[in-house]
Each structure stands twice: as structure tokens, then as C-alpha cells.
Amino acid sequence: MRTRLHKWFLLLGAAAFFALPLTSRAQLTTEDIASRDNMESHVAGYTGHVQDAAYDYRRYCVGCHGDMGDANGEVAQWLLPPMWPKPRNFQLGVFKCRSTPTGTLPTDDDLFNAITRGFDRSAMPIWNQFTKYQRANLVAYVKHFSPRFVTEKPGTPISIPPEPEVTPERIKAGREVFARVQCWKCHGVQGMANGPSASTLQDDLGFPIAAFNFTDGTRPKCGDTDEDIYRIFMTGLDGTPMPSFADNIKPDEAWDLVFYLRTFMQQPSKAKEIAKTLNLKPVSANP
Amino acid sequence: MKRQRNFVALVSTIVLLCCGALLLNQKVSAAGEGKITGNVKFEGAPPHMRGIDMSKDPWCVKANADHPQHLENVVVATNGGLENVVLYIDGWSGDATVEKTVPVFDQKNCMYTPHILGLDVNQTFKVTTSDQTAHNIHPLPNPMINVGWNQSQPPGAPPIEKSWKNPEVIPVQCNIHPWMHGYFVVVKGPVAVTDDSGNYTIENVPPGTYTVKAWHEPDTTQTAKVTVSAGGSATANFSFNK
């Protein structure tokens, strides 16, 4: 009995030891972070200031995101991926939900929307009970943790053409795109997140992460409007296995793909209605 | 009068010396650049490299049907040469981005070819795919040093051109095929990677005395001092045991 306990302790210790470098990939000093106290955000008609968000951040955000914005808040250790993704490490300046191309910083609007929207299937709630002014200040606060917001400019948001009318042809064309760029490798041929590569997915810090299941009624991570879905696969979700498809899907085709993805989802949509009459078969996993 | 003449002589000597120094200096950087060559050996019995189970993707299995792939952490040639060792000059203080070629990092038969790409800071490289299955190319730099990205390359995708701003060993992976793993080794100055018999040549090295650094994954390094003469070739051999 004693030896077995012993073994468990050793195992736990080893696990803790190896998990350490994952979470503490970057560690800035308090002075370094404080040197960016003059960071501003310009969003929702307000100019956000770091100092004006200090109270809200310390009261509402610090539990997960930590004093230093390094995702080492007290609660973070109990968030176990893939069920509960780890909080974002703001020091790294890498963000999932952007309107900008992969490898670039998000705009103030992107961060504002992320705070407003929250993240479905995570511990990050919707924060729309904050006033817009409070949220603008929090955007400045989030930015001041990362030196990247001083040395780099946000990327240029991708341009999204106006949404066309959903037609049966477009849904069928979207199915072709789904097959061609092989979304099913992770998301599965029926969008059920059971593709051949789904089980081994890891995020940039080495934690397991699940592909999005289109069929279970939850919302996509970065918003559930048609434009949000368009943006997700054209910009990629940085820090996760989801790549950008901007080089391989033309803007018009991208809308087709959005309509096809809609047919998987439980949320009512015109695309779903039309799909009922089309009797589409799932794409083949062995082309 | 005499003192004045002395002064003029002194000044002209200094000016001449300075000109000479400048000329010499110019000569140093413009003179025929030399190279550093050598061989990297692996000492002892090479470790067993596990075979790769590609059953996740039938296309990959088919592509490698007559040539099963193995892990590439330690690739030793029959003559004992060690492949995939990166050689560069420690503390390079010469010109920025001396490597002007555009190397290609290809995704072929669900493996990275080459396994390791040695790159100068800001040197452009191309990521291509030769496969009829989708890949995503996902380098994982430390975001405090370099900026990462993640792009998809389905069959027939156009090449991606990129470069890295700062020296760093950057692992690169494909999330669709988790066995696909390689490195971009970004250094300052000229760089070479050993070929399949452990040989290497660092080109574009101006005359001078240097410390050559040899890097083998995951993070073993060795150094050697060499002196390169104008247009000449210096030799530095290494041997690794892990």
C-alpha cells in the first residue's frame, strides 16, 4: 500500500514538473508590464485606459488570467483541457479570435468582441454586463501585458464580400470545398469532430484540444454569425491546430463553405432548410 | 617652423594610417570569402529509431508502402556520418542576412523534407507540399521571440513564403499528422546542415577566426575554433554521442 502511494506521488510530482514549462513559457517582470501603463484602446467610441480597468481586472479577471496576465491565476490549475481550455496567456500576444490574418495581432474591436461574447465551451463567460466603456478599458489592460502591442501593429482585417443568397448550388459547391481542403480530417465527414486526426490534437502549449463539433448545438468559439464562421476558417485560430485557409479558399467559395457548414448545425438557418431537400451524402474520407 | 613641419608630418601620417586601415578593412569584407567544411560523426551504436504508424491517414500509408518511415531524431549514415546537424558561426558580427538562397521545406510522403532547415535571420524560405493529402504547417516559436502562424496546405496548395526575425530553434508540426515534426533553426550569419553522410560546407565566410557551433536536436551543441583565410577553406569536424 505504501509503495503504491509512493508511486502515485512520484507520478504526480513528475507530471507537475513537466507541466511547469508549459504554463510558464514566458514570464515578464512586473516592471516590464508596468512600463506599458500608458497603453490605450480605441473601440466602441471610447478611448480605453489601463488604469481605469485595474479595478475590474483585479476583481473579475485575475482569478483565471492572473496578476501578470500570464494565465496563472488561482483557478487556472483546475481548468483541465480539453473540457475546460486553459485561460489565455496575455503576455504571449497570441489570440484565437481575430479579424486579422494568422500570425498578426488582433484589432481592438476583436478583443472587445471576445470580452463581450465570451467563449462557448470554456470557463470564460459573457461579459456584456460591463458597460462598453469598461470593456474598452479592459481591452487596453489586456494589451498592456504583451510587448507585441508596442512593437507591432494589428494586422489588416481580411475583407469579407457581402453575403450572397443561399442556393442549392452554393451548398453543393460548399460540400466540394469541404472535401477539397479536407476539413473532415479533424471535424469529421459529418461535422461531428470525429475525423481521423481529431483525437491527437494539441494546442500550442501542448494541452489536448477538441475540434469543433458542428452538430451538438454549441456555438463556434469566435461567434455564430455567418460572418464569424467565414472569419474563423479564413484567419485560423492562432494558438490552436486550426489553420488559416486564406491561401486555399477564394472569398466566393468561402461563403459556399459557410452555407455547407450551416447544414450540419442545429441552429435553424435557410441553408439547413434547403439541405433537407438536397439529400446530400457526407463527403468521402478516402478520395 | 620645425615644430609646424613636425605637426604636419604627424597629421599626414595619421591620415595615411587611417586611410590604410579603411582600405584594409574594406579589403577584409570584400576579399574572396572562404568556407568552413567538415564532417559530423556519430559515436557508438546509433539508437533505434521507432517506425511511424501512419494508419490515421491511408494516403500516407500508401505513399510509404515500399519504404516505411522512421523517426528522424538521430539519422546516422552507414559510414557513421550524422545527418541533420546545424553548423553556424557563434557570435556572428558580419553582415545581416548573408544567406541569399531561398531553401524549400517540402511536405513529402507525410514527412518534412528536409527534417531540419537551417536559416539565416530574415532569410526567405518556401513551404511547399508534394502530397495528395491536406497538411497544416504550424511552427511553434516562443511568441516572445518570433511570431508564429498556422496555415493549411491541401493538395495542390501554392507555396508559402516566410522568414524569421530572430535567432531561435523553432519546432514545426502538422496537427493533422502528429508524427510530422521538424525544426527551423534560425541563426545569425551563414549556416549549413549536414547531408546524409554527415558532410557540411558553410559558404560566405569572410577571412577571420571563428567559433563554429554544431547543434543537434533536441539541444546538444559543440564548438570548435577555426581560422579562415581569404578564399580558403577551414575544416572543423565534430562527433556526437546522443
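In which strand of chain B is F240(B) found? F240(B) lies in strand β17 (residues 238-240) of chain B. The legends below describe a predicted model, in which local features need pLDDT of at least 70 and side-chain atom pairs count only at pLDDT 80 or more, while totals for chains, interfaces and linings use all residues. Residues are numbered from 1 along each chain as its sequence is written, chains are lettered from A and ligands numbered from 1 in the order in which they are written, and side-chain values use heavy atoms, with hydrogens and water left out.

**Figure 1. Surroundings of F240(B) in strand β17 of chain B.** Strands (E, at least two residues) and helices (H or I, at least four) are DSSP runs, numbered from the N terminus. F240(B) has 1% relative accessibility and therefore counts as buried (buried, under 20% relative accessible area; exposed, over 50%; partly exposed, in between; 1.4 Å probe, protein chains only). Contacts, defined by heavy atoms within 4.5 Å, link F240(B) to V40(B), K41(B), F42(B), E43(B), L82(B), V85(B), A214(B), H216(B), T220(B) and Q222(B), not counting residues up to four places away in sequence. V40(B) is 200 residues from F240(B) along the chain, and the C-alpha atoms of these two residues are separated by 7.5 Å.

**Figure 2. The open sheet β12-β2-β14-β15 of chain B.** Four strands in this order form the sheet, with antiparallel pairing; two strands pair if DSSP finds at least two bridges between them. Because β12 (191-193) and β15 (220-228) of chain B stand at the edges with a single partner strand each, one side of each is left without a neighbour in the sheet. From one strand to the next, the twist averages 20 degrees. Strand β2 (residues 86-89) of chain B is joined to β12(B) by three bridges, and the two run antiparallel. Opposite L87(B) stands A192(B) in β12(B).

**Figure 3. Surroundings of S152(B) in strand β8 (residues 151-153) of chain B.** With a relative accessibility of 3%, S152(B) counts as buried. Apart from neighbours within four places in sequence, S152(B) contacts P243(A), S244(A), F245(A) and N248(A), together with H135(B) and N136(B).

**Figure 4. Helix α9 (residues 226-235) of chain A.** Eight of the 10 residues of α9(A) are buried, so this helix is largely enclosed by the rest of the structure. The buried residues are D226(A), D228(A), I229(A), Y230(A), I232(A), F233(A), M234(A) and T235(A). Their cover includes α10 (251-264) of chain A. After α9(A) comes G236(A), which has a positive phi near 75 degrees.

**Figure 5. Contact of α10(A) with helix α11 (residues 270-278) of chain A.** The two axes come within 8 Å and cross at roughly 75 degrees. Axes are lines fitted to C-alpha atoms, for helices over the stretch in contact, and angles run from 0 to 180 degrees between N-to-C directions. The crossing makes α10(A) roughly perpendicular to α11(A) (under 35 degrees, roughly parallel; over 145, roughly antiparallel; 65 to 115, roughly perpendicular; the rest, oblique). F259(A), R262(A), T263(A) and F264(A) in α10(A) meet A271(A), K272(A) and A275(A) in α11(A). The residues of this contact divide into four nonpolar, one polar and two charged (nonpolar: Ala, Val, Leu, Ile, Met, Phe, Trp, Tyr, Cys and Pro; charged: Asp, Glu, Lys and Arg; polar: the others, Gly among them).
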